[in-house]
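Me: I would like to learn to read the structure shown below, one question at a time. Please reason through each answer before giving the name or value I ask for.

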Amino acid sequence: MELGEDLQRLGLTVGRIVAVAEHAGARAPSYLLTLDLGVQGRHECSVPRGEHEPDELEGTQVLCARQGEEVSVVAVHSHAHGLVLLRPDRDVEDGSTVA
């Protein structure tokens, strides 16, 4: 099996955060993000608040993992910086897939 095939199975795609709201029912402080995945539509997911402010997140592109209709934002847990969202180093089309 090739690495490219494995990446396709993970369903990694780039989405843009178009809205950020406090996630009222969450156990820990969290945001509810609305993500635009281009032709794949808009999806919501929850992320821990961490050190992020809503206005710095809105409009940002992030790496997402899709399995069916479920979408998660891919992040790194850093001892020094807490939750760090993975992002492309330049803007790409929303919904672009990782190859």
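**Questions about the strands and their contacts**

Me: What is the relative accessibility of V76, and in which class does this residue count?
Reply: Three classes are used, with buried meaning under 20% relative accessible area, exposed over 50% and partly exposed in between (1.4 Å probe, protein chains only). V76 falls in the middle class, because its relative accessibility is 39%, and at that value the residue counts as partly exposed.

Me: What kind of model is this, and what pLDDT do local features need?
Reply: Residues are numbered from 1 along each chain as its sequence is written, and side-chain values use heavy atoms, with hydrogens and water left out. This is a predicted model, in which totals for chains, interfaces and linings use all residues, side-chain atom pairs count only at pLDDT 80 or more, and local features need pLDDT of at least 70.

Me: Which residues form a nonpolar patch on the surface together with V76?
Reply: V76 lies in strand β6, residues 75-78, where strands (E, at least two residues) and helices (H or I, at least four) are DSSP runs numbered from the N terminus. A patch is made of residues with over 30% relative accessible area and no salt bridge, where nonpolar side chains (Val, Leu, Ile, Met, Phe, Trp, Tyr) are joined within 5 Å and like charges within 9 Å. The accessible area of this patch is about 190 Å², areas being computed by the Shrake-Rupley method with a 1.4 Å probe and, for residues, with only the protein chains shown as cover. The partners of V76 in the patch are V84 and L86.

Me: Is L85 buried or exposed?
Reply: L85 is found in strand β7, residues 82-85. Leaving aside neighbours within four places in sequence, L85 is in contact (heavy atoms within 4.5 Å) with H52, L57, V62, V73, V74 and A75. With a relative accessible area of 5%, L85 is buried.

Me: Which residues of strand β3 point to the buried face?
Reply: In a regular strand the side chains alternate between the two faces of the sheet. Strand β3 (residues 42-48) shows such an alternation, with R42, E44, S46 and P48 on the face that is not buried, while the buried face holds H43, C45 and V47.

Me: Which residue of β3 stands opposite L32?
Reply: Two strands pair if DSSP finds at least two bridges between them, and β2 and β3 pair in the antiparallel sense over seven bridges. They form a hairpin with five residues between them, and G38 in the turn has a positive phi of about 65°. The residue of β3 opposite L32 is S46.

Me: Which residue in β5 is the bridge partner of C64?
Reply: Strand β4 (residues 61-67) runs antiparallel to β5, and four bridges join them. Strand β5 (residues 70-73) has an uncovered face, E70 and S72, and a covered one, V71 and V73. The bridge partner of C64 is V73.

Me: With the side chain of which residue does the side chain of Q61 make a polar contact?
Reply: Q61 is found in strand β4, and at 4% relative accessibility Q61 counts as buried. A polar contact is a pair of N or O atoms within 3.5 Å, where within protein one must be able to donate a hydrogen and the other to accept it, and residues adjacent in sequence count only if both atoms are side-chain atoms. A polar atom of the Q61 side chain lies 2.6 Å from the backbone oxygen of V92. At 2.8 Å, there is also a contact between the side chain of Q61 and that of D94.

Me: How far apart in sequence are the parts tied together by D91 and R16?
Reply: A salt bridge is a side-chain nitrogen of Lys or Arg within 4 Å of a carboxyl oxygen of Asp or Glu, and a search of the whole structure finds four of them. In one of these, the closest N and O atoms of D91 and R16 are 3.7 Å apart. Because D91 lies in the segment after β7 and R16 in strand β1, the parts tied together are separated in sequence by 75 residues.

Me: What is the distance between the closest N and O atoms of R16 and D94?
Reply: R16 is partly exposed, with a relative accessible area of 21%, and D94 counts as partly exposed at 22%. The closest N and O atoms in their salt bridge are separated by 3.2 Å.
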